[in-house]
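Trainee: Please take me through the salt bridges in this model. Then add whatever else the side chains can tell us.

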Amino acid sequence: GPLNHRTGRVLQPPNLPGWDNIPLRDELAARLRLPVFLGNDANVAALAESRYGAGRGAGDLLYLTISTGIGGGVITDGRLLLGRDGMAVEAGHIIVVPDGPPCGCGNRGCLEAVSSGTGIANAAVTRLQNGAASLITTLTGGDLSRVDARFVSEAARQGDALACGVLAEAGRFLGVGITDFIYLFN
């Protein structure tokens with residue numbers, strides 16, 4: 001979630017109730033008696049990939065994490081791009097579908113809203129609620145609250161047309177986002 005890397009505070013993570021304005025860096029440093037640095041997960045993953053992974057030796061790198069949400073980190077000239085407030089490259093929140101489905105950030109049509117695991121599940125549920133038939137209903141025992149990207153993927157593996165369509169659409173929007181990143185950073 002959002003954090004201030006300078007002060008070491010977790011700000012208001014939407015998935016961690018009660019963690020508002022927590023001085024996590026200082027609390028961990030005091031308990032561990034070691035220096036602690038706080039960073040966004042995608043940013044530190046980009047940094048690690050550039051130093052120790054497949055990006056080793058590359059002066060410039062774009063790293064995307066695509067799972068429940070979508071995050072990103074950029075290394076340019078060997079340095080992590082943080083932006084003024086340390087929140088640069090919130091890759092999941094570029095708009096790829098104007099007036100599209102709502103995103104957890106409050107905007108509509110974000111890449112995360114249409115191409116993340118959560119976005120994939122939401123798209124499937126919307127289609128099911130609108131009366132579409134799918135193997136997903138059988139796989140979840142008819143409980144739409146259980147639908148997640150794993151059920152959609154399993155149904156697609158079995159040839160389910162709705163699931164294949166949802167994944168194809170998510171992939172198309174992800175391709176739009178990646179193309180935007182290429183033009184933005186190169």
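Mentor: Start with Arg 25 and Asp 26. These two form a salt bridge, and their closest N and O atoms are 3.2 Å apart. Keep in mind that this is a predicted model. Asp 26 is partly exposed, because its relative accessible area is 42%, and partly exposed covers the range between under 20% and over 50%. By the rule used here, the count comes to 4 salt bridges.

Next, take Glu 169 and Arg 127. Their side chains meet in a salt bridge, at 3.3 Å from N to O. Glu 169 sits in helix α7, residues 161-185, and Arg 127 sits in helix α4, residues 117-129, so this pair ties together parts that are 42 residues apart in sequence. How exposed are the two partners? Glu 169 counts as partly exposed, at 27% relative accessibility. Arg 127 also counts as partly exposed, at 27%.

Then look at Arg 150 and Asp 148. Here the side chains meet in a salt bridge at 2.5 Å, N to O. Arg 150 is exposed, because its relative accessible area is 64% and exposed means over 50%.

Now leave the charged pairs and go to Asn 40. You will find Asn 40 in the loop between α1 (24-32) and α2 (41-52). Is Asn 40 buried or exposed? Asn 40 is buried: its relative accessible area is 15%, and buried means under 20%. What does its side chain reach? The side chain of Asn 40 reaches the backbone nitrogen of Ala 42, at 2.8 Å. Leave aside residues up to four places away in sequence, and Asn 40 touches Gly 1, Leu 3 and Glu 90.

Finish on the surface. Which residues make up the nonpolar patch there? Leu 62, Leu 81, Leu 184 and Phe 185 form the patch. Together these four have about 350 Å² of accessible area. Pick out Leu 81 from the group. Leu 81 lies in the loop between β5 (79-80) and α3 (111-115). Leu 81 is partly exposed, with a relative accessible area of 30%.

To recap, set two loop residues side by side. Asn 40 is buried, whereas Leu 81 is partly exposed. Asn 40 has a side-chain link to the backbone of Ala 42. Leu 81 belongs to a nonpolar patch on the surface. Among the salt bridges, return to Glu 169 and Arg 127 on screen: this pair ties helix α7 to helix α4.

Methods: Residues are numbered from 1 along each chain as its sequence is written. This is a predicted model: local features need pLDDT of at least 70, side-chain atom pairs count only at pLDDT 80 or more; totals for chains, interfaces and linings use all residues. Side-chain values use heavy atoms; hydrogens and water are left out. Patches are made of residues with over 30% relative accessible area and no salt bridge: like charges are joined within 9 Å, nonpolar side chains (Val, Leu, Ile, Met, Phe, Trp, Tyr) within 5 Å. Accessible areas come from the Shrake-Rupley method with a 1.4 Å probe; for residues, only the protein chains shown count as cover. Helices (H or I, at least four residues) and strands (E, at least two) are DSSP runs, numbered from the N terminus. Buried means under 20% relative accessible area, exposed over 50%, partly exposed in between (1.4 Å probe, protein chains only). A polar contact is a pair of N or O atoms within 3.5 Å; within protein, one must be able to donate a hydrogen and the other to accept it, and residues adjacent in sequence count only if both atoms are side-chain atoms. Contact means heavy atoms within 4.5 Å.
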